[in-house]
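Open the model in your viewer and keep the selection panel at hand. The stops below go from the ligand outward to its surroundings.

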Amino acid sequence: MNIRNAEPHDVPAILDLYNRAVRETTAAWTTREETLDDRLTWFEARKSQGLPVIVAVGSDDEVLGFASYGPFRPKEGYRLTAEHTIYVDPEVQKQGIGRGLLARLLEIAGVHGIHVLVGVVDSDNKASIALHEKLGFEKTGHMPQVGTKFGRWLNLVFLTKVLSPMEPPER
Ligand SMILES: CC(C)(COP(=O)(O)OP(=O)(O)OC[C@H]1O[C@@H](n2cnc3c(N)ncnc32)[C@H](O)[C@@H]1OP(=O)(O)O)[C@@H](O)C(=O)NCCC(=O)NCCS
């Protein structure tokens, strides 16, 4: 397994992973699958803002998973905090790919001066919570029943990691 920056030709595979998660999981709290245009627009927006989109690939360069981060909230006071997402192909989960992707995102975030990374997940998403806790994230928020999908209430869990101690900027 290799991890590299995503290229435009990876976007269809990224789209397939995302849409499968929409259909089968509560990783994304929506039932609306995206189109290729939606994902290309997202990809170009991330790239143009200097935000990372990375993929884990197998021996034939096939996409096994992807990860990215973007703004946590729009107001400038949140500019040193980013929210990330990670999706691994269900056929190859539990083989260390999610760990590899999150570890690489942490490195990239550190280099770009991000102070806090935030993962926002369904409280029943044991795999994601385990992955984050193994990489030093803490559960710092829990909001019961703020979402719904598949005929049940969903609880939102915030997992945060302070990347490096630093003085706050002057403004
Ligand atoms: C969450 C997700 C990214 C994890 O990816 P993965 O490649 O399966 O995870 P890894 O194999 O790297 O496992 C990382 C750690 O979490 C643990 N873990 C993974 N799945 C687990 C599970 N279902 N239950 C308990 N622990 C689990 C592993 O044991 C591993 O710990 P270790 O490194 O000490 O052995 C993957 O399940 C996924 O894509 N889920 C759907 C999308 C999603 O929910 N994304 C998260 C929203 S941000």
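Start with the shell around the ligand in this predicted model. Its residues divide into 9 nonpolar, 7 polar and 3 charged. To bring up the shell, select the residues that surround the ligand, 19 in number. The closest of these are Ile 86, Lys 94, Gly 98, Arg 99 and Asn 125.

Next, colour by secondary structure. β4, α3 and α4 each supply at least two residues of the shell around the ligand. Of the elements, α4 gives the most to that shell, with 5 residues.

Now display the polar contacts of the ligand. Select Asn 125, where an N or O atom of the side chain is 2.6 Å from an oxygen atom of the ligand. Then go to Val 88, where the partner is a polar backbone atom, 2.8 Å from a ligand oxygen. Gln 95 is the next selection: a polar backbone atom of Gln 95 is 3.1 Å from an oxygen atom of the ligand. With the ligand still selected, consider its surface: taken alone the ligand exposes 940 Å², and the protein buries 78% of that.

Where does the ligand sit? The ligand sits in the largest pocket, so show that pocket next. About 1,100 Å³ of space lies in it. Select its lining, which is made of 42 residues. Nearest the centre of the largest pocket lie Ala 27, Ile 86, Tyr 87, Asn 125 and Ser 128. Ile 86 and Asn 125 were also listed among the residues closest to the ligand.

To see which parts of the fold form this lining, select the following ranges, each of which gives two or more residues to it:

- α1, residues 11–24
- β3, residues 63–71
- β4, residues 81–88
- α3, residues 97–111
- β5, residues 116–122
- α4, residues 126–134

Which element supplies the largest share of the lining of the largest pocket? That element is α4, with 7 residues. Colour the lining of the largest pocket by class and the residues divide into 18 nonpolar, 14 polar and 10 charged.

Last stop: the second largest pocket, with a volume of about 180 Å³. It is lined by 17 residues. To centre the view, select Leu 51, Pro 71, Arg 79, Thr 81 and Ile 114, the residues closest to the centre of the second largest pocket. β3 and β4 each supply at least two residues of this lining, and the largest share, 3 residues, comes from β3. By class, the lining of the second largest pocket has 8 nonpolar, 5 polar and 4 charged residues.

Technical notes:
Residues numbered from 1 in each chain as written. Predicted model: local features only at pLDDT ≥ 70, side-chain atom pairs only at ≥ 80, totals over all residues. Heavy atoms only, no water. 1 Å grid on protein atoms, 1.4 Å probe; cavity = no way out; pocket = protein on both sides within 12 Å on 5 of 7 lines; lining within 4 Å. Points joined across faces, edges and corners; volume = space filled by probe spheres on them. Helix = DSSP H or I, 4+ residues; strand = E, 2+ residues; numbered from the N terminus. Nonpolar A, V, L, I, M, F, W, Y, C, P; charged D, E, K, R; others polar. Near = heavy atom within 4 Å. Polar contact = N/O pair within 3.5 Å; in protein donor to acceptor, adjacent residues only side chain to side chain. Areas by Shrake-Rupley, 256 points an atom, 1.4 Å probe, with all protein chains shown as cover. Sits in = over half its atoms within 2 Å of the grid points.
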